[in-house]
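Visitor: I would like to learn how to read a structure like this one. Where should I begin?

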Amino acid sequence: AAGVPEGADIGSQKDRVVTEEEWLQRWETGNIGFHKKRGHPLLQKYLDVLLNGRSGLRVFFPLCGKAVEMKWLADMGHNVVGVEVSEQALKEFFSEHGLPYCEEPVPEISGAKMFQSTSGNISLYCCSVYDLSSSILGKFDGVWDRGALVAVNPCDRQRYVSLMITLMEKNSSYLLVTVSYDPNKHKGENF
Ligand code: SAH
């Protein structure tokens, strides 16, 4: 996570912006083709890299949606923290896995809520990722970034990357699922 290279070629996508409102609408209308019901094969493949021999990690899921990988990692004994603007997504996560949860305000962020599994090992913040900081969340041993950096508006990339760096513990590992294509040739759903 060394930042965005100077002059990264994102071509015609440079000024494209997807608003929070548009994301909420996608959830409302069920336009969530990005959601993988069976989880992501690359997390299975690179799990050892993420864990690096450690157990009981704190793992962060930025822009988490209702990613089933959160359940996987919690079941393996890790502590999962996610952030997502859509309350619907978070409620669907808990209900689809039959997990009881409670809802709490987040004193530091007005209007934000935190949904926590009753078992305590999954805490999902309902707010913008940009509202968060290490003083609110603490630091993480690992990050699973799938559908997150690629969903961040290009104009917000630097801010996003700087935040993620502040959330990382010294020896933390960051798994990033990214895509590579010529943005001048393909419109792309991802940035
Ligand atoms: N990582 C998830 C979801 C990817 S789609 C997965 O793998 O399935 C990107 C998600 O980010 C959407 O659910 C969208 O509602 C959410 N989102 C977009 N902008 C956000 C922001 N600024 N803060 C928090 N969540 C955001």
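Guide: We will take the ligand and then the strands. Keep in mind that the model is predicted.

Visitor: Where does the ligand sit?

Guide: The ligand sits in the largest pocket.

Visitor: Which residues come nearest to the ligand?

Guide: A residue counts as near if one of its heavy atoms lies within 4 Å. Here 14 residues are around the ligand, and Trp 27, Leu 63, Glu 84, Val 129 and Arg 146 come nearest. By class, this shell holds nine nonpolar, three polar and two charged residues.

Visitor: What polar contacts does the ligand make?

Guide: Look for pairs of N or O atoms within 3.5 Å. An N or O atom in the side chain of Glu 84 is 2.6 Å from an oxygen atom of the ligand. For Ser 128, a side-chain N or O atom is 3.2 Å from a nitrogen atom of the ligand. With Arg 146 the backbone takes part: one of its N or O atoms lies 2.7 Å from a ligand nitrogen atom.

Visitor: How much of the ligand does the protein bury?

Guide: The ligand taken alone exposes 580 Å², and the protein buries 95% of that.

Visitor: How do I read the strands?

Guide: In a regular strand, side chains alternate between the two faces of the sheet. In this model, strands β3 (residues 101-105) and β4 (residues 113-117) run antiparallel and are joined by five bridges. One of the pairs is Tyr 101 with Ser 117 in β4. Strand β5 (residues 122-126) also pairs with β4 in the antiparallel sense, over four bridges. There, Gln 116 has Ser 123 of β5 as its bridge partner.

Visitor: What lies between β4 and β5?

Guide: Their hairpin has four residues between the strands, and in it Gly 120 takes a positive phi near 90 degrees.

Note on methods: Residues are numbered from 1 along each chain as its sequence is written. This is a predicted model: local features need pLDDT of at least 70, side-chain atom pairs count only at pLDDT 80 or more; totals for chains, interfaces and linings use all residues. Side-chain values use heavy atoms; hydrogens and water are left out. A polar contact is a pair of N or O atoms within 3.5 Å; within protein, one must be able to donate a hydrogen and the other to accept it, and residues adjacent in sequence count only if both atoms are side-chain atoms. Accessible areas come from the Shrake-Rupley method with a 1.4 Å probe; for residues, only the protein chains shown count as cover. On a 1 Å grid over the protein atoms alone, a cavity is a set of points where a 1.4 Å probe fits but cannot get out, and a pocket is an open set with protein on both sides within 12 Å along at least five of seven lines; lining residues have an atom within 4 Å of a point. A molecule sits in a cavity or pocket if more than half of its atoms lie within 2 Å of its grid points. Ala, Val, Leu, Ile, Met, Phe, Trp, Tyr, Cys and Pro count as nonpolar, Asp, Glu, Lys and Arg as charged, and the others, Gly among them, as polar. Two strands pair if DSSP finds at least two bridges between them. Helices (H or I, at least four residues) and strands (E, at least two) are DSSP runs, numbered from the N terminus.
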